[in-house]
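Reader: Please take a close look at the part where the two chains meet. I would like the contact surface and its symmetry set out first, and then the packing of strands and helices inside the chains.

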Protein chains: 2
Amino acid sequence: MSANAVSPSSGPSPLLIVGSIAFDDLDMPTGEYRGVLGGAATYAALAASAITASGVRIVGVVGDDFPEAHIGALRARGVDTAGVERAAGRTFRWHGRYSSDLASRTTLDTQLNVFADFSPKVRAEHRSSPFVLLGNIHPKLQVGVLEQVQRPTLVAADTMNFWIGGEPAALAEMLRRIDLLIINDEEARELSGVHNLVRAAAEIRRRGPKMLIIKRGEFGALLFDAAGTFFVPAYPLEEVFDPTGAGDSFAGGLLGYLAARGDASPATLRKAMFFAAALGSFCVEGIGPERLLKIGRSDVASRIASFGRLVDHGGELALPS
Amino acid sequence: MSANAVSPSSGPSPLLIVGSIAFDDLDMPTGEYRGVLGGAATYAALAASAITASGVRIVGVVGDDFPEAHIGALRARGVDTAGVERAAGRTFRWHGRYSSDLASRTTLDTQLNVFADFSPKVRAEHRSSPFVLLGNIHPKLQVGVLEQVQRPTLVAADTMNFWIGGEPAALAEMLRRIDLLIINDEEARELSGVHNLVRAAAEIRRRGPKMLIIKRGEFGALLFDAAGTFFVPAYPLEEVFDPTGAGDSFAGGLLGYLAARGDASPATLRKAMFFAAALGSFCVEGIGPERLLKIGRSDVASRIASFGRLVDHGGELALPS
């Protein structure tokens with residue numbers, strides 16, 4: 001765990017993102033999409049790079065079937081892809097089917113392929129990245145990344161039920177070494193063994209991370225930290241096309257904002273929650289990352305302004321006398 | 001529909017609440033509770049009276065089995081009970097069972113009793129009430145109340161799936177005559193025939209009410225009005241005991257704040273959403289209305305302050321340069 005997680009702003013700072021890069025086969029109510037660019041690190045890097053110009057570095061592995069054009073697309077968005085390793089074999093592939101209201105999904109097939117042997121290697125020039133986002137990989141690999149980096153300002157991590165149930169010791173070690181855990185409500189319940197999210201959050205924070213974000217999809221997200229509890233709603237959209245990657249885009253948007261500000265204080269984290277939710281909302285507006293690949297600064301600024309109006313209660317709340 | 005729904009504040013103003021007064025039999029995970037004071041008008045009046053001292057008038061009917069002590073409890077909270085009619089027969093009685101996580105409930109029995117012949121009569125001295133809340137009763141009866149009152153500043157109404165499916169014409173007439181509809185997400189979807197809530201809201205507002213609130217229980221509530229869209233989260237609680245009446249407490253808290261301010265402008269409505277959610281949160285902290293019967297002004301002020309911290313993002317949200 002870093003000692004200086006709430007240090008004052010040090011200005012725009014690079015962000016290191018470690019996680020999966022994948023092909024997704026998506027069975028959506030609107031059609032079937034095959035070989036869509038996917039993976040947690042991909043979504044997070046695209047989201048972060050929409051906010052910060054201070055350097056977004058991605059670490060992941062792809063197979064020899066992964067088109068150079070996808071790498072180029074990430075690079076065109078300002079993502080440093082030097083840490084993307086190319087291995088012999090096929091790229092990680094996930095096949096999912098969504099329900100007609102997009103509220104639930106079923107995994108039809110998972111082919112780990114080259115991702116099965118992924119052992120993230122942080123390049124020398126990336127080891128001093130002040131902000132680190134550990135995507136959902138084996139907690140031992142997440143800890144392995146932390147062994148390679150130099151006292152980051154903030155380390156954030158995601159995890160999933162598979163590791164919560166199957167690798168409790170490795171997960172416990174990871175939790176002790178990170179500053180911010182970003183998980184969804186079901187994962188928070190499974191990890192803590194507590195249904196109520198307020199109490200689940202207290203239990204999880206006792207195990208390590210001083211900061212915890214619980215994502216609730218279309219129902220927004222809660223932040224628990226030393227300053228208290230903070231809530232950001234999901235942005236209400238007229239059309240949702242594909243929730244794939246929304247949670248990773250949320251994490252990427254959050255870390256992108258923190259990196260741009262070079263600060264992870266409670267005040268900055270609260271503003272970052274809106275950038276996180278804004279990037280999550282862009283993500284679901286297209287199939288795969290297509291919308292994230294197109295948005296510009298004016299789109300982000302405009303959505304953030306709308307978001308401000310969504311929650312602006314016009315100053316002090318006081319009981320009428 | 002009133003002509004002056006967004007008139008400037010006219011100071012603290014009385015609030016008229018029409019709806020059910022009941023006995024509830026509650027099968028909760030924590031135990032079985034019988035003959036608990038209930039009903040939409042009861043919860044709404046108790047919530048409103050926790051905020052406003054400008055006069056909360058309740059119109060409803062009870063049977064000859066209804067204890068005078070319950071009337072006294074309402075009166076002790078500042079509720080004007082002169083409009084509570086006592087009819088020969090038994091009081092409306094509802095029996096429900098909640099799931100272990102309180103997320104869903106099943107109606108085991110409904111005995112309308114004296115409520116079956118309820119025809120709300122507004123007393124002469126209550127007809128000029130500037131704020132009117134029409135609880136969930138037959139839309140014809142809701143319109144009948146509007147025939148008796150004199151150009152209120154704001155008329156708000158609730159309804160339910162039973163009337164949406166069974167009385168579309170009467171409901172359409174009611175919608176044309178109110179300013180603000182307060183319903184839950186499933187009701188909004190059924191009423192509009194549209195699943196997406198942003199589009200459902202637009203459709204419902206085309207049918208009459210210029211303002212619409214869609215309640216989502218523990219996931220907060222959305223306001224749609226001429227000024228745009230506004231969101232208030234539910235207050236995160238460590239313990240929830242009984243969701244019965246939470247939606248009615250939300251509506252009562254909302255109208256109580258508007259009445260206290262004597263104003264239904266978009267700015268006031270946005271602040272009112274927090275008082276609504278705060279009273280909903282108190283409601284669920286006890287079995288039936290027990291918590292609402294105990295809270296004082298300092299409890300409300302304290303929760304509103306916590307609520308402010310929950311959403312306070314510290315000023316302007318701007319994309320880092």
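Author: What follows goes from the interface to the sheet and then to two helix pairs.

The model is a predicted one. At the interface, 40 residues of chain B are in contact with 40 residues of chain A. On the side of chain B that touches chain A, the elements giving two or more residues are helix 7 (197–206), strand 13 (228–232), helix 8 (246–261), helix 9 (266–283) and helix 10 (297–311) of chain B. Helix 10 of chain B supplies nine residues, the largest share of that side. By residue class, the side of chain B that touches chain A holds 23 nonpolar, nine polar and eight charged residues.

The symmetry of the pair comes next. A turn of 180° with a shift of 0.0 Å along the axis lays chain B on chain A, with an RMSD of 0.0 Å. The two copies are therefore related as by a two-fold rotation axis. In chain B, the C-alpha nearest this axis belongs to B:Phe219, at 2.9 Å from it. Of the interface residues of chain B, 100% are also interface residues in chain A, so the copies meet through the same surface.

Within chain A, four strands form an open sheet with mixed pairing, in the order 3-2-6-7. Strand 3 (31–38) and strand 7 (105–111) of chain A are at the edges; each has a single partner strand, so one side of each is left without a neighbour in the sheet. On average, neighbouring strands of this sheet are turned by 20° against each other, direction ignored. Strand 7 of chain A runs antiparallel to strand 6 (residues 93–98) of chain A, and six bridges join the two. One position in this pairing is A:His95, whose bridge partner in strand 7 of chain A is A:Asp109.

Strand pairing in chain B can be followed from strand 2. Strand 2 (residues 22–28) of chain B is joined by six bridges to strand 3 (residues 31–38) of chain B, and the two run antiparallel. A hairpin of two residues connects strand 2 of chain B to strand 3 of chain B. Strand 2 of chain B also has five bridges to strand 6 (residues 93–98) of chain B, and here the strands run parallel. B:Asp24 takes part in both pairings: B:Asp24 stands opposite B:Val36 in strand 3 of chain B, and the bridge partner of B:Asp24 in strand 6 of chain B is B:Trp94.

Two helix pairs of chain A remain. Helix 6 (residues 185–192) and helix 7 (residues 197–206) of chain A pack at an angle of about 60°, their axes 9 Å apart. This angle makes helix 6 of chain A oblique to helix 7 of chain A. Their crossing is left-handed. Helix 6 of chain A makes the contact through A:Asp185, A:Ala188, A:Arg189, A:Leu191 and A:Ser192, and helix 7 of chain A through A:Leu197, A:Ala200, A:Ala201, A:Glu203 and A:Ile204. The residues of this contact divide into six nonpolar, one polar and three charged.

In the other pair, helix 3 (residues 139–148) and helix 5 (residues 168–177) of chain A cross at roughly 35°, and their axes come within 8 Å. The crossing of helix 3 and helix 5 of chain A is left-handed. From helix 3 of chain A, A:Pro139, A:Lys140, A:Gln142, A:Val143 and A:Leu146 meet A:Ala170, A:Leu171, A:Glu173, A:Met174 and A:Arg177 in helix 5 of chain A. The contact of helix 3 with helix 5 of chain A comprises six nonpolar, one polar and three charged residues.

Definitions and conventions. Residues are numbered from 1 along each chain as its sequence is written. Chains are lettered from A and ligands numbered from 1 in the order in which they are written. This is a predicted model: local features need pLDDT of at least 70, side-chain atom pairs count only at pLDDT 80 or more; totals for chains, interfaces and linings use all residues. Two residues are in contact if their C-beta atoms, placed from the backbone, lie within 7 Å. Ala, Val, Leu, Ile, Met, Phe, Trp, Tyr, Cys and Pro count as nonpolar, Asp, Glu, Lys and Arg as charged, and the others, Gly among them, as polar. Copies are superposed by least squares on the C-alpha atoms of residues with pLDDT of at least 70 in both. Two strands pair if DSSP finds at least two bridges between them. Axes are lines fitted to C-alpha atoms, for helices over the stretch in contact, and angles run from 0 to 180 degrees between N-to-C directions. Angles under 35 degrees count as roughly parallel, over 145 as roughly antiparallel, 65 to 115 as roughly perpendicular and the rest as oblique. A crossing is left-handed if the near helix is turned anticlockwise from the far one by less than a right angle, and right-handed if clockwise.
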